[in-house]
Amino acid sequence: MAKATGIVRRIDDLGRVVIPKELRRNLKIREGDPLEIYVDRGGQIMLKKYSPIMELGTFAQEYAESLYEALGHLSIITDKDNVVSVAGNNAKDFTSKTIGQVVEDVMEKRKVQMFSDNVIITADERVVCSTAVIAPIISGGDPIGSVIIASREGAVMGNLESKLAETAAGFLARQMEQ
């Protein structure tokens, strides 16, 4: 059910409507972010942040499960804002969660990073991983998500995990470009 904000905006001569800064900040909508437009039978227009990773759907989940089966480590696939797919022990702690600042920073830097001390993957600061590898998914030069291989039991992450996360991120990026 939609919730009224009490904010009213006029359409300009080019058909544009300004989304207020407060809403953009709260919803993490940045300049250049794609928005999907929905229209219902009653004539309501709804805007939703577009996530190309979400279009991969079951494929992303199967990929996360394959990584988990191969490594035995928690495997997480995110878009720019949320966990999209997760496989492994305690997967429910990560399902449908908002990503944390650490993951956002890795995507912004566009480089695979390894963490050997406690790392917070989601915005829920109570869910801590002892080690993790985070690889950004880059499509068309822009970060659109990440692949994370993590452990909550203190497992050591090395070159194998780093290369697999990087390979998975590259593969998912190519799927998006097709």
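The following exercises, each with a worked solution, concern a predicted model of a protein chain.

**Exercise 1. Overall layout**

Task: State how many helices and strands the protein chain has, and in what order the elements run.

Solution. Begin with the counts: the protein chain has four helices and nine strands. Next, read the elements from the N terminus on, which gives α-β-β-α-β-β-α-β-β-β-β-β-α. Finally, consider the extent: along the principal axes, the C-alpha atoms fill a box of roughly 55 × 35 × 30 Å.

**Exercise 2. The five-stranded sheet**

Task: Determine the strand order of the open sheet of five strands, and identify its edge strands.

Solution. Strands of a sheet pair through backbone hydrogen bonds, either parallel or antiparallel. In this open sheet the order is E4-E3-E9-E8-E5, and the pairing is antiparallel. The edge strands are E4 (83-87) and E5 (113-115), each of which pairs on one side only. On average, neighbouring strands of the sheet are turned by 15 degrees against each other, direction ignored.

As a detailed case, take strand E3 (residues 74-79) and strand E9 (residues 142-151): they run antiparallel and are joined by six bridges. Within this pairing, Asp79 has Gly145 of E9 as its bridge partner.

**Exercise 3. The hairpin of E1 and E2**

Task: Describe how E1 and E2 pair, and state which residue takes a positive phi in their hairpin.

Solution. First, the pairing: E1 and E2 (residues 45-49) are antiparallel, with five bridges between them. Second, the partners: Ile37 is bridged to Leu47 in E2, and Val39 stands opposite Ile45 of E2. Third, the connection: five residues lie between the strands, and Gly43 takes a positive phi near 90 degrees in this hairpin.

**Exercise 4. Packing of helix H4**

Task: Establish which strands H4 lies across, and classify its orientation relative to H2 as roughly parallel or roughly antiparallel.

Solution. Helix H4 (residues 159-177) lies across E3, E5, E8 (131-139) and E9, and runs at about 25 degrees to E8.

Two packed helices are described by the angle between their axes and the distance between the axes. For H2 (residues 58-71) and H4, the angle is about 165 degrees and the axes are 12 Å apart. Angles over 145 degrees count as roughly antiparallel, and H2 and H4 are therefore roughly antiparallel to each other. The crossing of H2 past H4 is right-handed.

The contact comprises Phe59, Tyr63, Leu67 and Leu71 from H2, together with Leu160, Glu161, Leu164, Thr167, Ala168, Phe171, Leu172 and Gln175 from H4. Sorted by class, the residues of this contact are nine nonpolar, two polar and one charged.

**Exercise 5. A salt bridge between loops**

Task: State how many salt bridges are counted, and explain why the pair Arg30 and Asp81 ties together parts that are apart in sequence.

Solution. The count comes to 11 salt bridges. One salt bridge joins the side chains of Arg30 and Asp81, at 3.9 Å from N to O; the cut-off is 4 Å. Arg30 lies in the loop between H1 (21-26) and E1 (35-39), and Asp81 lies in the loop between E3 and E4, so the pair ties together parts that are 51 residues apart in sequence.

Methods: Residues numbered from 1 in each chain as written. Predicted model: local features only at pLDDT ≥ 70, side-chain atom pairs only at ≥ 80, totals over all residues. Heavy atoms only, no water. Pairing = 2+ DSSP bridges. Helix = DSSP H or I, 4+ residues; strand = E, 2+ residues; numbered from the N terminus. Axes fitted to C-alpha atoms, helices over the stretch in contact; angles between N-to-C directions. Contact = heavy atoms within 4.5 Å. Parallel < 35°, antiparallel > 145°, perpendicular 65-115°, else oblique. Left-handed = near helix turned anticlockwise from the far one by under 90°. Nonpolar A, V, L, I, M, F, W, Y, C, P; charged D, E, K, R; others polar.
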